[in-house]
Amino acid sequence: MKTLTAFGLMLLALCLNAVETQAQTKEFPVIKNGGGVFPVPEAVAVADPSMAYKIVGDLMVGPEKPNELNPGLDRVARLFNAYSEAGIPADKIKMVVVVHFKGTPLIMTDEAYKKEFGVPNPNTALIDELAGKGVEFFICGQSLRMRGYTDTPRNPNIKVTHAALIATTTYQLKGYAVLSMP
């Protein structure tokens, strides 16, 4: 009897795991290089397709390993994919991303990143794709100096601002919602 019960529980666990694995397939409806989202068919509509979404992302996090995608940048991509999943087209989203602190290395060109970390920049394709969707990127001039990257070649989609504090608060005062990425 114990063997039959143990077998039944094991079979149930395998079935649940198979259903869970099948249900956890992420989709990339707008941004293909990151930010996968799960479809949520039972979600109540909160997003408003008549609105224009203005968001300033405060990206100050870095990856655990240099060959990993920056988790804050992945969150930016997830925002576009989640809004798409909720029925909001990408052209309704105006986003600015302000990079500083531990996020600073993501601004490097592939060559500069490889020289510093031994691998090409894993963020380049996603930065370029997001910029192609209209996302504006700024790097904090203070962080460039504090981290010694003033003369480091950077992705041409990233502009320098005096300070992350200035860029973030200025866009917030212009009506942009702040999305923290600590």
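Start by selecting helix H4 (residues 124-132) and look at what surrounds its buried side: those residues pack against H2, H3, strand E3 (136-140) and strand E4 (158-161). Keep in mind that this is a predicted model. To pick out the buried set in H4, highlight Thr 124, Leu 126, Ile 127, Glu 129, Leu 130 and Ala 131.

Next, add helix H2 (residues 71-85). The H2 and H4 axes come within 10 Å of each other and cross at roughly 40°. That angle is neither under 35 degrees nor in the 65 to 115 range, so H2 counts as oblique to H4. The crossing of H2 past H4 is left-handed. Now show side chains where the two helices touch: Leu 73, Asp 74, Val 76, Ala 77 and Phe 80 on the H2 side, with Leu 126, Ile 127 and Leu 130 on the H4 side. Colour that patch by class and you get seven nonpolar residues, one charged and no polar ones.

Slide along the chain to just after H4 and click on Gly 134, where phi is positive at about 100°.

Last stop: His 100, in the loop that runs between strand E2 (93-99) and helix H3 (110-117). Is His 100 buried or exposed? Its relative accessible area is 14%, under the 20% cut-off, so His 100 counts as buried. Bring up the side chain of Asp 58 too, since it makes a polar contact with the His 100 side chain at 2.5 Å. To fill in the rest of the surroundings, select Leu 59, Met 60, Ile 139, Cys 140, Ser 143 and Ala 164, which are among the residues in contact with His 100 beyond its neighbours within four places in sequence.

Terms used: Residues are numbered from 1 along each chain as its sequence is written. This is a predicted model: local features need pLDDT of at least 70, side-chain atom pairs count only at pLDDT 80 or more; totals for chains, interfaces and linings use all residues. Side-chain values use heavy atoms; hydrogens and water are left out. Helices (H or I, at least four residues) and strands (E, at least two) are DSSP runs, numbered from the N terminus. Buried means under 20% relative accessible area, exposed over 50%, partly exposed in between (1.4 Å probe, protein chains only). A polar contact is a pair of N or O atoms within 3.5 Å; within protein, one must be able to donate a hydrogen and the other to accept it, and residues adjacent in sequence count only if both atoms are side-chain atoms. Contact means heavy atoms within 4.5 Å. Axes are lines fitted to C-alpha atoms, for helices over the stretch in contact, and angles run from 0 to 180 degrees between N-to-C directions. Angles under 35 degrees count as roughly parallel, over 145 as roughly antiparallel, 65 to 115 as roughly perpendicular and the rest as oblique. A crossing is left-handed if the near helix is turned anticlockwise from the far one by less than a right angle, and right-handed if clockwise. Ala, Val, Leu, Ile, Met, Phe, Trp, Tyr, Cys and Pro count as nonpolar, Asp, Glu, Lys and Arg as charged, and the others, Gly among them, as polar.
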